[in-house]
Every structure is written in structure tokens, then in C-alpha cells.
Amino acid sequence: MNREAIVALDKRHVWHPYTAMETYIQATNPLVVVGAEGAYLTDADGRRYLDANSSWWVSTLGHRHPRLVKALVEQVGVLGHVSLAGITHAPAARLASELVALAPGAGQEALPAGERLSRVFYVDNGSTAVEVAIKMAAQYWAQNGRPRRTRFITLSGAFHGETVGATSVGGMPEFREVFGPLLFDVVHVPSPAEEGGWERAFAEVERALKASPDEVAGVILEPVVQGAAGMQVYAPAFVRAVREATRAVDTFLIADEVFTGLGRAGARFACELAGVVPDLLCLAKALSGGLLPFAATLATERVFSGFLGGRERALYYGHSYCGNPLGAAVAREVLAVYRDEDVLGQVARKAPRVKAAFEAMAERVPGVVRPRAQGMVGAVDLGGGGYLSGKGWRVYEAALKRGLYLRPLGDTVYIAPPLNIPEATLEELLHGVEESLREASAG
């Protein structure tokens with residue numbers, strides 16, 4: 001099919017996520033992607049675009065990494081899918097062992113056995129990784145003597161996914177207010193990235209925990225970087241303080257590392273920047289290298305043991321594709337590539353350049369404010385318009401002309417490229433972002 005035919009079918013039948021469809025159908029000339037390799041997308045006209053956001057943060061090793069493709073092809077020739085309900089297969093078992101060996105706290109002899117992330121529950125995307133963590137926490141308390149523990153504490157600006165439970169613990173009004181009647185009640189506290197800093201935010205968390213310690217099932221947060229809120233970066237000290245506060249009242253800390261996990265924030269897990277081991281840890285996106293929907297929720301042995309006993313105590317949750325052998329095989333290869341190609345070392349070398357470049361953009365380009373960076377994330381704002389602002393989309397258009405694919409978060413322009421992006425390509429990206437900001441600000 002040629003480009004025009006694809007767009008015609010698309011506009012007639014496809015409902016796009018996070019897209020104002022009337023504007024899209026009437027006025028948008030969409031990018032039609034026909035291929036991808038490494039850090040680049042290729043459109044129907046044969047033009048290449050640098051993928052500055054790793055295609056919604058998933059292709060952290062670039063597109064079509066040959067080792068991941070090989071692992072997928074080999075696995076599909078053996079076993080494509082089988083249920084994980086009471087049976088098992090080698091990719092799921094081996095991946096679980098490898099994830100536990102890499103999890104925060106692994107190898108710390110002083111850590112009590114019950115506090116180690118030792119169990120892996122498979123799901124199929126980030127939203128369901130969070131959803132099952134919520135259900136694990138709620139059911140644990142319900143059947144272990146504290147049934148009043150049904151509320152969660154969450155941050156302003158939080159984004160934890162699309163399912164009803166994940167939306168309930170979200171803190172972005174644009175994504176949750178319309179669904180208000182369907183959502184369960186949560187305690188919202190200020191983001192540690194807001195004015196007043198992490199100390200003010202922590203004071204609110206501590207106040208909420210002390211006010212009703214017998215009602216809080218857990219605190220959920222995106223460690224160090226709140227992604228969808230506009231790449232808001234905050235001090236790891238906040239995560240440490242929250243961990244201690246949850247310990248003080250004996251409730252759970254849920255770390256949503258769907259975005260930050262596996263190197264994006266500068267460490268294997270953002271929790272490690274704070275020296276923290278959560279009770280539940282959610283992983284997705286990078287876990288399957290952008291090839292397949294695949295995710296996991298890691299739990300401590302204490303959480304897992306709360307479900308032992310009769311059939312009535314089982315966790316009745318699961319998806320048809322949970323633990324899919326294809327996804328598990330690819331995820332295992334992702335972890336191997338991280339090790340063999342020293343991906344975390346690459347991040348350590350490139351992250352200072354990202355930080356310096358975004359700080360320079362704010363100094364040199366009129367109207368560009370609040371530069372910030374963490375690991376392989378860099379961001380600036382074009383004002384205070386928030387997620388629904390159109391300012392970032394002017395930068396998007398300017399970037400497309402330069403062969404860059406940027407997807408802004410309202411008036412926040414950011415990059416989250418593949419972690420293994422070559423340094424020369426990273427320089428090309430950073431230069432293109434600055435030029436696009438300059439063009440948009442002049443217009």
C-alpha cells in the first residue's frame with residue numbers, strides 16, 4: 001500500500017491513543033512508519049527520523065536489536081504460547097530467577113529474607129503491573145488480619161497506567177477526573193518535584209500515614225522521575241524517607257519502575273539511587289526491548305507468603321498472555337545485552353552530556369525554562385501551560401523537518417532516546433532539539 005492509502009484507511013477506522021481525533025482526521029498529516037532500526041524510524045517516503053522517545057519509552061536498546069530478534073525467532077519456533085496457570089515453561093522460570101538476582105537488595109546479606117524481592121508475577125503491560133501490585137497489597141492485608149487497610153497514598157502528578165485501579169492511584173487530573181465515579185478513594189500528597197521540595201511532600205506523606213496507619217495499604221510512587229507529569233525529577237532522599245515511614249507503620253511501598261527501570265534513570269533501578277528495596281516493584285517497557293507487550297511485578301517473600309494456605313487465599317488475577325514464552329525469552333536476552341554491552345556504563349558516560357545540553361538550551365533559547373535531567377532523560381518547559389498546552393507541538397513540527405521524532409508532554413519538550421544510542425547520534429539529537437526549540441520560540 002502507498003502512503004495515501006494507509007492514511008485513508010487509518011483515518012476511517014483507527015482510534016488513536018492520547019489523540020484529539022477530530023483534529024487528527026481533519027488536519028493531521030501523520031507520520032507513516034514502515035520500518036525501524038537502531039535509533040531511527042523510516043517513513044513511507046523513505047525518510048529517517050531519530051526516535052527521541054524510544055517509541056513511548058520501550059525501545060531502550062533501539063529498534064530490531066539483532067540479538068533480540070534472534071531470541072524471538074528461536075523461541076517462536078519452539079513454543080509461542082501456553083498458559084501459566086499452574087504449569088510452567090523454561091523461559092518464565094529462568095527469567096524470574098534472573099530478575100530476582102538483579103533486583104534491588106539482591107545479594108545484601110543483611111537484608112532479612114522476608115524483605116527480599118524474591119517472587120515474580122508476570123503480566124502484559126505497565127498498567128497491569130501496577131494493577132496487580134494494588135491487588136496484591138489490598139488482598140494481603142484483607143486476609144492477614146488488617147482488612148481496614150484499603151487506601152493508598154499517591155503523589156500529585158503521578159501516572160501509573162490506564163486500568164481503573166492504576167487510574168485511581170494516578171495524580172494527573174487530565175487522565176482521571178472524567179472517570180471519577182469509577183475510581184476508589186486515595187490520599188494525594190504534593191509531588192516532591194513541586195515548590196517546597198521533597199521535605200514538604202514527605203511531611204504530607206508522614207502526616208497521612210500517622211493519621212490513619214490502620215487504613216493505608218501502601219504508598220505508590222515513581223522513584224526519582226515522574227514521567228508523564230512532564231519528566232519531573234526529584235531527590236532520591238524522598239524515596240528513602242518514604243521507605244522509612246512505611247516501615248514505621250508496617251505498610252507497603254510500591255515502586256512503579258515501568259518507566260525508570262532498567263537504566264533509564266541512571267541506575268538499573270531508580271530505587272537503587274535511594275538505596276531502597278520496595279515491597280512491590282513494577283516493570284514493563286524496557287523489559288521486552290520494544291518487541292512485545294510483556295511486564296512483571298516483583299514481590300517480597302513476605303508479600304508472597306501472605307497468600308499461602310487454602311484455595312480461598314490464592315491471588316485470583318492473571319491474563320491469558322501472562323508469562324508468554326516469547327516475551328520471557330526476549331526479556332532474558334534484554335538482560336543479557338545489558339550485561340554484555342555494558343548498557344549501564346554507556347548511560348553513565350552519556351548522562352552528563354544530556355544534562356549539560358539541556359541546561360545550555362535554557363540559557364541560549366528565549367522562553368525555555370526549568371532544564372532538568374536524570375540519567376538518559378532530559379527536559380525543558382516552554383511555560384506553565386501543562387499537559388494540554390500546544391507549545392510543545394510547535395517544537396514537534398520543527399523537529400520533524402530536521403528528521404527528529406519528538407513527542408512533547410504539553411509544554412514540556414524532552415528526550416528519552418535508546419540507552420545505547422551512539423554518542424555521535426546523541427549529539428545530532430541534542431543539536432536538533434535546540435534548533436527546533438529556537439525555531440518554535442521565534443515563531
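Select Leu99 first. In this predicted model, residues more than four places away in sequence that Leu99 touches are Val120, Leu283, Leu287, Ala296, Leu298 and Leu335. Display the side chains of these residues together with Leu99 before moving outwards.

Next, extend the selection to the largest nonpolar core. This core has 59 residues, and those touching the most other members are Leu99, Tyr122, Leu298, Ile415, Leu429, Val433 and Leu437. Colour helix α13, residues 325-340, which gives the most to this core, with seven residues. Apart from this core lies another, of 29 residues, including Val186, Phe252, Val258 and Leu315. As a general point, nonpolar side chains tend to be buried together in soluble globular proteins.

Now select strand β11, residues 280-283. Are the two faces of this strand covered or uncovered? Both are covered: Leu280 and Cys282 are buried on one side, and Leu281 and Leu283 are buried on the other. In a regular strand, side chains alternate between the two faces of the sheet.

Keep β11 in view and add its partners. Strand β10, residues 252-256, runs parallel to β11 and is joined to it by three bridges. Asp256 stands opposite Cys282 of β11. Strand β12 pairs with β11 in the antiparallel sense, over four bridges. Here Leu280 stands opposite Ala299 of β12. Such pairing is made through backbone hydrogen bonds, and it may be either parallel or antiparallel.

From β12, proceed to the second largest pocket. Its volume is about 770 Å³. Which residues lie nearest the centre of this pocket? They are Leu84, Val120, Phe121, Tyr122 and Phe304, out of 29 residues in the lining. To see where the lining comes from, colour α5 (90-102), β4 (117-123), β12 (295-300) and α12 (301-305), each of which supplies at least two of its residues. Colouring the lining by residue type shows 19 nonpolar residues, nine polar and one charged. Tyr122 deserves a second look here: this residue lies among those nearest the pocket centre, and it is also among the residues of the largest nonpolar core that touch the most other members.

Finally, select the open sheet of four strands, whose order is β1-β2-β3-β15 and whose pairing is mixed. The edges are formed by β1 (33-37) and β15 (404-405), each of which pairs on one side only. Between them, zoom in on β2, residues 40-43, and β3, residues 48-51, which pair in the antiparallel sense over three bridges. To end the tour, pick Thr42, whose bridge partner in β3 is Arg48.

Note on methods: Residues numbered from 1 in each chain as written. Predicted model: local features only at pLDDT ≥ 70, side-chain atom pairs only at ≥ 80, totals over all residues. Heavy atoms only, no water. 1 Å grid on protein atoms, 1.4 Å probe; cavity = no way out; pocket = protein on both sides within 12 Å on 5 of 7 lines; lining within 4 Å. Points joined across faces, edges and corners; volume = space filled by probe spheres on them. Nonpolar A, V, L, I, M, F, W, Y, C, P; charged D, E, K, R; others polar. Core = buried A, V, L, I, M, F, W, Y, C linked by side-chain atoms within 4.5 Å. Buried < 20%, exposed > 50% of the residue type's maximum accessible area, 1.4 Å probe, protein only. Contact = heavy atoms within 4.5 Å. Pairing = 2+ DSSP bridges.
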